[in-house]
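Here are a few friendly notes to read alongside the structure. I have kept them to one topic, the place where two of the chains meet.

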There are 4 protein chains.
Amino acid sequence: MTRKIRMGMVGGGEGAFIGAVHRMAANLDGQIELVCGAFSSDPERSKRSGAALYLAPERCYEDYQQMMAAEALLPATERMDFVAIVTPNHMHFPIARAAIEQGFHVMSDKPATLDLNEVLELRALLEGSGLLFGLTHTYTGYPMVKEARAQVLAGELGSIRKVLVEYPQGWLSEPQDSTENKQAAWRLDPSKAGVSSCMGDIGVHAFNLAEYISNLQVTELCADLHSFVDRRLLDDDGSVLLRFGEQARGALTASQVCLGEENDLRIRIYGDKASLDWRQQEPNTLLIKYQDKPAQVLRAGSDYLSPVALANCRTPGGHPEGYLEAFANLYRNFASQIKAQLADETACAVALDLPGINEGVRGMAFIEQVVVASNSQEKWHQLPSY
Amino acid sequence: MTRKIRMGMVGGGEGAFIGAVHRMAANLDGQIELVCGAFSSDPERSKRSGAALYLAPERCYEDYQQMMAAEALLPATERMDFVAIVTPNHMHFPIARAAIEQGFHVMSDKPATLDLNEVLELRALLEGSGLLFGLTHTYTGYPMVKEARAQVLAGELGSIRKVLVEYPQGWLSEPQDSTENKQAAWRLDPSKAGVSSCMGDIGVHAFNLAEYISNLQVTELCADLHSFVDRRLLDDDGSVLLRFGEQARGALTASQVCLGEENDLRIRIYGDKASLDWRQQEPNTLLIKYQDKPAQVLRAGSDYLSPVALANCRTPGGHPEGYLEAFANLYRNFASQIKAQLADETACAVALDLPGINEGVRGMAFIEQVVVASNSQEKWHQLPSY
Amino acid sequence: MTRKIRMGMVGGGEGAFIGAVHRMAANLDGQIELVCGAFSSDPERSKRSGAALYLAPERCYEDYQQMMAAEALLPATERMDFVAIVTPNHMHFPIARAAIEQGFHVMSDKPATLDLNEVLELRALLEGSGLLFGLTHTYTGYPMVKEARAQVLAGELGSIRKVLVEYPQGWLSEPQDSTENKQAAWRLDPSKAGVSSCMGDIGVHAFNLAEYISNLQVTELCADLHSFVDRRLLDDDGSVLLRFGEQARGALTASQVCLGEENDLRIRIYGDKASLDWRQQEPNTLLIKYQDKPAQVLRAGSDYLSPVALANCRTPGGHPEGYLEAFANLYRNFASQIKAQLADETACAVALDLPGINEGVRGMAFIEQVVVASNSQEKWHQLPSY
Amino acid sequence: MTRKIRMGMVGGGEGAFIGAVHRMAANLDGQIELVCGAFSSDPERSKRSGAALYLAPERCYEDYQQMMAAEALLPATERMDFVAIVTPNHMHFPIARAAIEQGFHVMSDKPATLDLNEVLELRALLEGSGLLFGLTHTYTGYPMVKEARAQVLAGELGSIRKVLVEYPQGWLSEPQDSTENKQAAWRLDPSKAGVSSCMGDIGVHAFNLAEYISNLQVTELCADLHSFVDRRLLDDDGSVLLRFGEQARGALTASQVCLGEENDLRIRIYGDKASLDWRQQEPNTLLIKYQDKPAQVLRAGSDYLSPVALANCRTPGGHPEGYLEAFANLYRNFASQIKAQLADETACAVALDLPGINEGVRGMAFIEQVVVASNSQEKWHQLPSY
């Protein structure tokens, strides 16, 4: 393998938040180069954004359709390998479909699509296409989240009984003037965000993390969503009771109106042998608790970690890694999958440990069902496997 | 006032946990002296327990009935002023009734009684009796809990939107042999504990704390209780969705099978102006969070606290106070109420800030309704005011 | 043993800080009763203070001389067993001497005396007297400090290399008007405090803690003391380099002008097998660190602790104990020593684990030598064993 | 400006630690591209390392002399703009000199050189050359370190009195077999590391951080260095008393044998109005303490921060940034300085806030003088300005 993996981007022009994050994540390891983009629905803005990223003008496209068509015509030695989708939710599916139709791999921001139907259609398109699909559930990229899952898989916790996951934010505590805050505007607009704001934007991260670490699936839920700020069309807060089959129970709470909270995702999982506690704002620590001996403080970068955790660390203990490194782990793993495919090899287990279309389907099913459940007077609602 | 307040105790003999806690709490400030007791249903054990506490043999009674009768016959200069009830739940009401009938004030461990009917009857007995009733919801005795409530009452948080309260413990994670652990045995026996173990023992503390600090009342709830350990007759875990009228929502989770957790009661309350966060295991700190300025770390013993918080501190900042001091605050306030009554004065506001029969009624209503709700397929259940 | 131990107190009248702390500590376990006192150099104030403590007027003495004489004349069934000295430093020795001359045990606040000569004389008086002397180096009373020492004694840390101890406070950051703050006034007055304020008041605690936990003795030191606030006669800040023979080195820093700090005593000890970290403001946690496995979080009240630590806990894990409980441990152990002597028995190891005259001598030697060292241009100064 | 800044690297081949860190830091923002390197003193290894980084074979040089000469001959549109030096200490100066002689800017790992003479000579070479020199004192790149300095400069702390800085590591707690751990081997070899291991590797970071945040200069010091592990030629531990003119005092402790510590750099600065506390292992938090009001928790990414702190944040609050982001800030600022020079403009204040040759001189003076002081029986040693 003697070349970098080539990335095109849709969305993420001037003033966008998550596009810049995707680019830094892709840059970090020097394995991926940005070669083209359709950064904005405004062609001028797209060109300007591309120029600021040192792209050749001819590869700063006016829209994603143009980009897919033009890149497909470039020689294999030049054209992009995959497209990163960093737009509001309602555009995820059309862009992903266009990419797949032209034979490009897809790295998509979450949630996968606008609704459950779209993601099921997307899964159908991917089947048999030979194309890769990555979904940026960032938090699964943290080394200590991977360690947590490794501990569960190794049976260290015993049988899991209870899962508590919470994701409080405060940034939507006050009414937003939609002209001022682009981030808020589309997330609160049903035509762009889908049926939920809070659960669609962050609740789904909490849900994904719970299923990822616990290696269990939520089978039933009971929900109470609410919108605390006047005239909002979508929920800005919610709590959900969870059942994981007959085995485990749990609670999920997420909010955008927990004033003063930044991004305080935390998960605790209690087994019958040990328990774990991880908090995103101090991501380099994982606490493992026991009933009859002292709790242990596992730290990122330490030699005693499991191989999968160490493979996702870049620095020795005490040199804190953060959100961008976790994000970069997703990109590095995705690039490794593409490299393996280009080399006609099987990607290693570390590279395959990346959220994909199945996590996308689970997430969309969760979002839809939690809204149904909240609107219902019945207590429990099934969360089927699709 | 030239004498100490005199306390009798029912329960709390050799090997008991909470009885010793009550005695240390009563001792701390040198305002209360233990003068008599019926420490055990086994008369020999009761005598032996009393002797170890330096009591005169003639005031170590065989049972509470004997104690109430005998003490009532003593001259006013000698007889106890109040009885502390530190037995399992099922004895709270009969003992309290016997005390009231003989004209003694009552300081009772929580929950107030075995069921809602009993506590309503108890309230009726107290009405017009002129007797005082204190209920040891210990956590309301912490200075920083009082500060939290003071901040809410002063409007610092604005309108409250969300209340998250959690109380994970792990000590019942494994099956208990009832002959070995007295504490576990009665708490899991419906005839002694009532309709719930987890919610009756600790969930009710979390509920009380939420209502105390928020100054709101829970009006509706939806619950999912469970017993994770085989052959248990009562719940050892549960999560509850809460509504506080139209204004606020919340979630309460409590567990005795969160393996590795000690006694990790925590409450977060989010308003539309500020939010607060308090955790019992580090009780001398209260965090107040804002959206547009740094969070503030309020510390027990600091001059900037509200008068009610300072009145419940015994040491300057940095000299940590804990569970026994919080407990002692309840006893000190109760003693102050009795002193005021003896002096025909009105007790000060600080002394009156003590859980009583109304909190007892709320607690029993919560316990009963949360069990009803858990067993129901309907989502929401009212929590009426009695 | 069928009676409580009887305590007299010198100092600690209205408005005093540490006297009230001693009384609460003595009260907590119901083993000690306050029977008399000379609470103030102002006889009226002494009477008033005693009355507020429910003492009989005839046992509220005008001064300590009167108290010693009068108590000595009381029958053995009534007179105090020991005297608690809670005055400023310059009175410690004369009061202790008077008590010893009348045959009373002594529990003294620290530092033991005004200077090294006095404490050596005090030691001589105690020798062969059969009387007990306790010194309230409070911080050695914490369960997790005892656990720390137990781990060192058991060899868990291996050979100790480095000791870092720090004690920052901020309460003397601004000039005190001596008429306003009694606590500050005498601590900054050489005739009452001795040769040092910062090192005499808190540095000596840090020094004692370092020697207690490490089980090593400081043999050489190099010091830099300073007074940051104008016109102060004594130091309010200092840092000290330490050598523990050839084996270990360390640093001690203490300050009364670390603005914003409350009482943040912390000690870290590094061995060649493991290390420990304890912080007084969160006293129920002890961290044990390893190089090749996760750090362990030891918690007060846990079954896995060493017997000496558990013997100094009153509540199960998660029910925080604090400063007053640590202080009460000193009193409980002292009372146990007296009880054993009264019963002609040998006190148990737990009871004997209490700072006494030897710690007093070490402390006074440290205070004097650290001041000498600070004033010297030579680097190293011996700290001899006396 | 329509191109990326071009970087060459000396050192950092396969198996090196800090070279990979420099590359990730340079990659993150997509402003810098690696174009050439002499990655190892072994030419084959250098080629192999370059190939793994996707470099053209002709720009993977055999040694730094060849690289400087060859790059200087390339057209301005291709040749590197600056060289990153990531070798052991003894090579820093010869490489920097060679770069300067060929007109390349220099980004050097710390400490600047092997000894004080070299760095003074380096400063002379830079003077008048028009070339830029950056020094990777990484910790100054953290947003909350910049916020700390901004608070000091704005007078928020008042007059600074005390500086406590500590840097405990444990990774050299055991004897290293020099063939096994390359990182340890050269750091403990006087011919490659210079006169100190602990102070030269990490003590100098602590010193730099103290001067950077406090905006004061150390003028005198007293030191006690030691080597705890047998047969080490250089110190692995040390404590230093500091004086900052007449105004402030302090203490610095650094160690490589604090077993169990990762990289726990912490600084506390106490003024007469407020104080600050920052810890590298949780770098997104800065605590500001006051005497008469609650401490404030400042958090990276928050709108209320000073402009210089915000300019060094990449993500909103609660999305933790770490060591690589801090490092990347140094590179971004350095690239901005180069861009400004290329455009014949003055770099902005944010870009100029980067350690350079003056910090290099201070650091080398500190390292040399602390070793002199440790070997002396005199207490105080001057730290002159060069």
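Which strand of chain D is joined by bridges to strand β13 of chain B, and how do the two run?

1. Strand pairing. This is a predicted model, and in it strand β13 (residues 295-299) of chain B is joined to strand β13 (residues 295-299) of chain D by three bridges. The two strands run antiparallel. B:Q296 has D:Q296 as its bridge partner.

2. Symmetry. Chain B superposes on chain D after a rotation of 180° with 0.0 Å of shift along the axis, and the RMSD is 0.0 Å. The two copies are therefore related as by a two-fold rotation axis. B:Q296 turns up again here: among the residues of chain B, its C-alpha comes closest to that axis, at 2.3 Å. Both copies use the same surface, since 100% of the contact residues of chain B recur in chain D.

3. Extent of the contact. Eight residues of chain B touch eight residues of chain D. Together the chains bury about 680 Å², with 69% of this on carbon and sulfur atoms. On the chain B side, the residues that lose the most area to chain D are B:P294, B:V297 and B:Y304, which together account for 63% of what that side buries.

4. Chemistry. There are zero salt bridges between chain B and chain D, while two residue pairs are in polar contact, both at pLDDT 80 or more. The side of chain B that touches chain D is made up of five nonpolar residues, one polar and two charged.

Terms used
Residues are numbered from 1 along each chain as its sequence is written. Chains are lettered from A and ligands numbered from 1 in the order in which they are written. This is a predicted model: local features need pLDDT of at least 70, side-chain atom pairs count only at pLDDT 80 or more; totals for chains, interfaces and linings use all residues. Side-chain values use heavy atoms; hydrogens and water are left out. Copies are superposed by least squares on the C-alpha atoms of residues with pLDDT of at least 70 in both. Contact means heavy atoms within 4.5 Å. Buried area is the accessible area (1.4 Å probe) that two parts lose on being put together, summed over both. A salt bridge is a side-chain nitrogen of Lys or Arg within 4 Å of a carboxyl oxygen of Asp or Glu. A polar contact is a pair of N or O atoms within 3.5 Å; within protein, one must be able to donate a hydrogen and the other to accept it, and residues adjacent in sequence count only if both atoms are side-chain atoms. Ala, Val, Leu, Ile, Met, Phe, Trp, Tyr, Cys and Pro count as nonpolar, Asp, Glu, Lys and Arg as charged, and the others, Gly among them, as polar. Two strands pair if DSSP finds at least two bridges between them. Helices (H or I, at least four residues) and strands (E, at least two) are DSSP runs, numbered from the N terminus.
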